Each structure stands twice: as structure tokens, then as C-alpha cells.
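Here are a few exercises to work through with the model on screen. Have a go at each task before you read its solution.

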Amino acid sequence: MNNQKQQKPTLTGQRFKTRKRDEKERFDPTQFQESIVQGLNQTGSDLEAVAKFLDASGAKLDYRRYAETLFDILVAGGMLAPGGSISDDLTRTEFCLFTAQEDLETMQAYAQLLLFLKGFTESERNKLAMLTGILLANGNISAAVIGSLFNENVVKEGVSAAFAVKLFKSWIYERDINAVAVALRKVSMDNRLMELFPANKRSCEHFSKYFTDAGLKELSDFARNQEAIGSRKELQKELQEMMARGDNFKDIIAYVREEMKKTSISEQLMIGIVWSSVMSCVEWNKKEELVCEQSIKHLKQYSPLLKAFTSQGASEIILLVKIQEYCYDNIHFMKAFQKIVVLLYKADVLSEEAILKWYAEAHVAKGKSVFLEQMKKFVEWLKNAEEGKKKQRLIVPFLKMILIFMLL
């Protein structure tokens, strides 16, 4: 009997290893925290360096998978244990919201967390957006935080626009669109909302449809109004440049009328733009006695341009109000008001009907008593002239009747 243990057969040949992409990576938030915290601690307190580190790490670490952990780190300095406490077993970072200085400037800097929205789930983004909207409504943070949504990485994925919907809904619900508009203007964000979309979708039509469909028509209307204001500013700038070059009035009028068609600007709006452009294309004398003569000479030259955009009575009234406001706002012109109106009346820019209506009811409060007093004698002259015309209109038919009777 053979007492020796029989050797088991063995397989020979090549051994195959499991490919890395076939292996399921283990969910390890602790390791993720260690990597992020170590990097944050090494960068120090320089926010720009921190942002660069987080951006670079996004290519190696799965922000989407560990979104909750990342949020805990950036807000509290480390992963939160059940009950909301921070685990003492793990290394913490001093770069977090809770350890930051308690002032508005620092909070605005930390608001750049929105740059990493891609790492959060849709539900987490929605909650953060609603919270941001409420904080904005209460004035706890500046509207400058919205600038974080213009980052190319979150814009091209559609994250910015979706986030903005939730944010503005919360903000407007808490306040109203007027309060939102004021806050946006304070930080020069009112003209940048189109940047929530990629360049190929950055149009007023796309913006309007997207936010109207999302139930934010008031925001769509605000954006349309801002675009119109921007178009008018560009038009006024071009108009001033044409005047500075000394372009022919015929060419200027043709250009302006074409722009009116393209941008649907009414004549009433346009006369205000033309008036502002005419008055800003010259350097005015600082002496009151000289500026009056200078303004008359200047406006006499540009009266054909003003006349081209006062074909309607409403446009004439708007022009009169603009002249009134300008003379009040620029104190050296206070005594020039009546002379300017008379000049434009003689140049057929302003009609007697428009002047009488302005005098009786259409004037504004600015310098009212001063300007009405200046215009008193001229208005009386216009009224007497109007009475003379009425009598003439009555006498002429009467004389015709007498003539016809005599011929019979």
C-alpha cells in the first residue's frame, strides 16, 4: 500500500486578470474625504488656489457619486455623522463655510461653491437653488453669487438654466420681480442673464420660451425689457458717432428709421434718444449767459433731425418734456428753456397745439413754476393767434356766402 499522498493535478498555462473596467469600484466616502481634505489643507486659504484644486480634482474624483460628502466638506469641513455632528476620527479642513469669517465679502467668495453644481444630484441642486433664492430674497447674500452660474462647465450641461429656474421661483415667491430687478442691477447682473445658456442658444427668444414654459413669465418679460434697453443704448451710441463724424442728416435719418423697424422702437421713444444724442454731441459752456446762445445755435443746426421724428403730436409732447427735464437737470440751461421752445416752434419741430397742451396739462414737476412763468407771454401770444385764426375761419365762409348772394 502506497502511503504517499497522491498529488492533485494542477492546471498550467496563462492566468487571466480581471480588467479594471470590469471591476466595480467600492463606494468609499472616507477615502474621498481624505483626498479632498488633504488637497484643501495644502492649498491654504487662497480661494483661487482652492477653486483650481477642486476643478482639477473633478477629473480624477467622482464628484457626482460623492456629492453629499463633497457638500459636507465644503460647508462643515468634513463628513457629518448621524445626528449632524462631525466625526472626530477623520481629518478636517479649515477651508469651509462654517469656519469662514462672518462678513458679506467672504460669503460671496464661498458662494462660488455653485461652480461645482455638476457634482450634486438633481434633487440636491434643486434644494440648494431654493435655499439660495430665499437667502437672496432676505438679503443674506448678494446677487453677485449668480455669476457662478455663468461658468462654462455648468452652462453647457444645462445645469445653470435649470438651477436658475428654482432659484428665481423662490426669490420671486418671497419678494417680487421688481425687488429681483433692483438686486440684479446693483451688481450689474441684469444684462447677463442670457449667459445662463450656451452661445448657440443665447437669444431673447430662447430665454423667453424656456423661462415662460417654466412658469417664470415675469423673468422673461424683464429679460426682454433689458434687451430693448441695451438695443437703445447701442443705437444712441451709433447715432452720437455719426453726428461726431458729421454724417449727412439724410443718412442719419435713414439709419435711424431702419433701426426703428428692426427693433420696433416707436417714434415717441426715438425722439427721446435723438434729443439725448443731439445734446450730448457737444461740450457746453459753463457760463449761463453763453450757454443759451450756444444751445440756440446748436439746435438750429440739428432742427431738421428733430423734425424728422416729431410727425405725431405725442412725439412733440415727449420732446417738450425731455427739454424741460434737461434744462432742469442742467442748471446752466434753466433760462434757455423758453428760447429753445420758440426756436423749435419757428423751425416747425413743435406745433402750437403741442405747446399749449404741454403748458396746460402735459408738463412734469421738474422746474414747473420757473418754466411755466418763462412760457407765459409766448403762450398768451399763441392763444391770441389761435383766436385770430378761428375768427378768420368763421369770416371766410360768411364772405363767400355774401359773394354768392350778390352774384345771384
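## Exercises with solutions

**Warm-up: Glu-195 and its partner**

Glu-195 has a relative accessibility of 23%, so it counts as partly exposed. Keep in mind that you're looking at a predicted model.

*Task.* Find the residue that forms a salt bridge with Glu-195, and work out whether that residue is buried, partly exposed or exposed.

*Solution.*
1. The partner is Arg-192, with the closest N and O atoms 2.9 Å apart.
2. Arg-192 has a relative accessible area of 31%.
3. Buried means under 20% and exposed means over 50%, so Arg-192 is partly exposed.

**Exercise 2: the overall make-up**

*Task.* Say how many helices and strands the chain has, and what share of its residues is buried.

*Solution.*
1. Going through the chain gives 17 helices and 0 strands.
2. Of the 408 residues, 38% are buried.
3. For contacts between residues at least 6 apart in sequence, 66% join residues at least 24 apart.

**Exercise 3: checking a helix length**

*Task.* Check whether the span of helix H14 (residues 313–329) agrees or disagrees with 1.5 Å a residue.

*Solution.*
1. H14 has 17 residues, so at 1.5 Å a residue it should span 24 Å.
2. The C-alpha atoms at its ends are 25 Å apart, which agrees.
3. While you're there, look for the helix's buried residues, among them Ile-317, Leu-320, Ile-323 and Tyr-326.

**Exercise 4: two helices that meet**

*Task.* Describe how helix H7 (residues 159–174) and helix H8 (residues 177–186) cross, and name the residues that meet.

*Solution.*
1. The two axes come within 8 Å and cross at roughly 115°.
2. From H7, the residues are Phe-168, Trp-171 and Ile-172; from H8, they are Ile-177, Val-180, Ala-183 and Leu-184.
3. Sorted by class, this contact has 7 nonpolar, no polar and no charged residues.

**Exercise 5: a link across the sequence**

*Task.* Explain what the salt bridge of Lys-335 and Glu-288 ties together.

*Solution.*
1. The side chains of the pair meet at 3.4 Å, N to O.
2. Lys-335 sits in the loop between H14 and helix H15 (337–346), while Glu-288 belongs to helix H13 (residues 288–307), so the bridge ties together parts 47 residues apart in sequence.
3. Lys-335 is exposed at 58%, whereas Glu-288 is partly exposed at 29%.
4. Elsewhere, Glu-238, Arg-245 and Asp-247 are joined into one network by salt bridges that share partners.
5. The total count is 8 salt bridges.

Terms used. Residues are numbered from 1 along each chain as its sequence is written. This is a predicted model: local features need pLDDT of at least 70, side-chain atom pairs count only at pLDDT 80 or more; totals for chains, interfaces and linings use all residues. Side-chain values use heavy atoms; hydrogens and water are left out. Helices (H or I, at least four residues) and strands (E, at least two) are DSSP runs, numbered from the N terminus. Buried means under 20% relative accessible area, exposed over 50%, partly exposed in between (1.4 Å probe, protein chains only). Contact means heavy atoms within 4.5 Å. The expected span of a helix is 1.5 Å times one less than its number of residues. Axes are lines fitted to C-alpha atoms, for helices over the stretch in contact, and angles run from 0 to 180 degrees between N-to-C directions. Ala, Val, Leu, Ile, Met, Phe, Trp, Tyr, Cys and Pro count as nonpolar, Asp, Glu, Lys and Arg as charged, and the others, Gly among them, as polar. A salt bridge is a side-chain nitrogen of Lys or Arg within 4 Å of a carboxyl oxygen of Asp or Glu.
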